[in-house]
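Let's take a walk through this structure together, one stop at a time. Keep the viewer open and turn the model as you read.

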Amino acid sequence: MKNEILQLLKESDAFVSGQYLCEKFDVSRTAVWKAIKSLKNSGYEIESVTHKGYRLVSSPDIVNETEIKSRLKTALIGNEVIVLESVGSTNDYIKANAHKLKDGTVVTAREQTKGKGRLGRVWKNKKDDDISFSFILRPDLAPMEVSAITPLCGLAVAKGLNEYFDFDAKIKWPNDIIVGNKKICGMLTEMSCEFDRLEYLVVGIGINVMSRDFPEEIAHKATSCVLESNKEINKNQLLAVIIKEIENILLGGNYRFNSQNLEEYKAYCATLGRKVTFTRRGESVEGVATDINNDGELVVTLPDSTTETVFSGEVTAQGIY
């Protein structure tokens, strides 16, 4: 009921009477008052006037469960949303609580102190500056069938950012999101398996939203939404847009690449056509990224015109950080 009351307040420019809310939801005035109090505790400024009712004055500028859910209409991902004040890692939180979390649950936090990137790197953010979130999936797939999920999430985030902002986000294979030649978002996928059965999969995504200053060692290769766009940013709305895009792409393709999303991924992939360097059997190899195959792997054409398929590891792309 709390989310429904919030939606009514958002849609009204005038006061909404307590009596109307009681009749609308068939509840007591005490129940309405408790819902309003809960919204206020979540950071909403709501004016209460005797004989007039309630009026929404302002919404909180922090990630907020009620605000996110009021903007989401999804079938699976985001049906349950958990917002934490502070957490070491949203991925670790999900893994520790996987036994009691529903399929599609999204966990986000105002502050993440020990966020994890690829190859053991630590991803840190200031409280309320950026968006850090993870979600759990339990698709009926074998472990070797989930390889497309991470790059498809990269496609979804790039599309979501471009839908919300006026910049041109691209993908550095397989799933880093860049604007220009600087990184704006990264993600990490982890999974738990039992023999040949996938128990669950966790996708963690970190987006630089309000950050203006970065540590010296990454300042030359990192950027943020606020640095790339003049648009006023509502983090809850942005998160809802991205979650909806992730669901559309993952569920629409049954967690796999199909002809449509593969062509979209190629169009968004800034790595294609560039000189790249990767490691093969302990040696550094150079070539040109020429294609993405049906499994989301990078096809590199070597100087002798042979091709090599890269499915994991670090790939350096010329001109991208």
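Leaving aside its neighbours within four places in sequence, which residues is Tyr164 in contact with? Before you check, bear in mind that this is a predicted model. The residues to look for are Lys231, Glu232, Ile233, Asn234, Gln237, Leu238 and Val241. Val241 is a good one to pick out: it stands 77 residues from Tyr164 along the chain, yet the two C-alpha atoms are separated by 7.5 Å. Tyr164 has a relative accessible area of 5%, and because buried means under 20%, Tyr164 is buried.

Now step back to the helix that holds this tyrosine. Tyr164 lies in α6, which covers residues 149-164. From its first C-alpha to its last, α6 reaches 22 Å with its 16 residues, close to the 22 Å expected at 1.5 Å a residue. The helix is mostly covered, with 15 of its 16 residues buried.

Stay with α6 a moment longer and find Lys159. This lysine forms a salt bridge with Glu245, and their closest N and O atoms are 3.7 Å apart. The pair links distant parts of the chain, since Lys159 sits in helix α6 and Glu245 in helix α8, 86 residues apart. Are these two partners buried or exposed? Both Lys159 and Glu245 are buried.

Another salt bridge awaits just ahead of α6 in the chain, in the loop between β7 (131-137) and α6, where Glu145 is found. The side chain of Glu145 meets that of Arg256 at 3.6 Å, N to O. Here too the pair links distant parts of the chain: Arg256 belongs to the loop between α8 and α9, and the two residues are 111 apart. Glu145 has a relative accessible area of 35%, which makes it partly exposed, and Arg256 is partly exposed as well, at 30%.

For a pair within one helix, turn to α4 (residues 65-71). Glu67 and Arg71 form a salt bridge there, with their closest N and O atoms 2.8 Å apart. Why are these two separated by about one helical turn? Because they are four residues apart in helix α4. Glu67 is buried, at 1% relative accessible area, whereas Arg71 is partly exposed, at 27%. In the structure as a whole, a search finds 17 salt bridges.

Finally, let's look at the backbone. Most residues other than glycine have a negative phi, and most peptide bonds are trans. Phe195 has a positive phi of about 55° although it is not a glycine. You will find Phe195 in the loop between β10 (182-194) and β11 (197-207), where it counts as exposed at 84% relative accessibility. Tyr255 also has a positive phi, of about 65°, and it is not a glycine either. The loop between α8 (235-252) and α9 (259-268) is the place of Tyr255, which counts as buried at 10% relative accessibility.

One more backbone detail is worth a visit. What is the peptide bond from Trp173 to Pro174, cis or trans? The bond is cis, with omega near 5°. Pro174 has its place in the loop between β8 (169-172) and β9 (176-179).

Terms used
Residues numbered from 1 in each chain as written. Predicted model: local features only at pLDDT ≥ 70, side-chain atom pairs only at ≥ 80, totals over all residues. Heavy atoms only, no water. Buried < 20%, exposed > 50% of the residue type's maximum accessible area, 1.4 Å probe, protein only. Contact = heavy atoms within 4.5 Å. Expected span 1.5 Å × (residues − 1). Salt bridge = Lys/Arg side-chain N within 4 Å of Asp/Glu carboxyl O.
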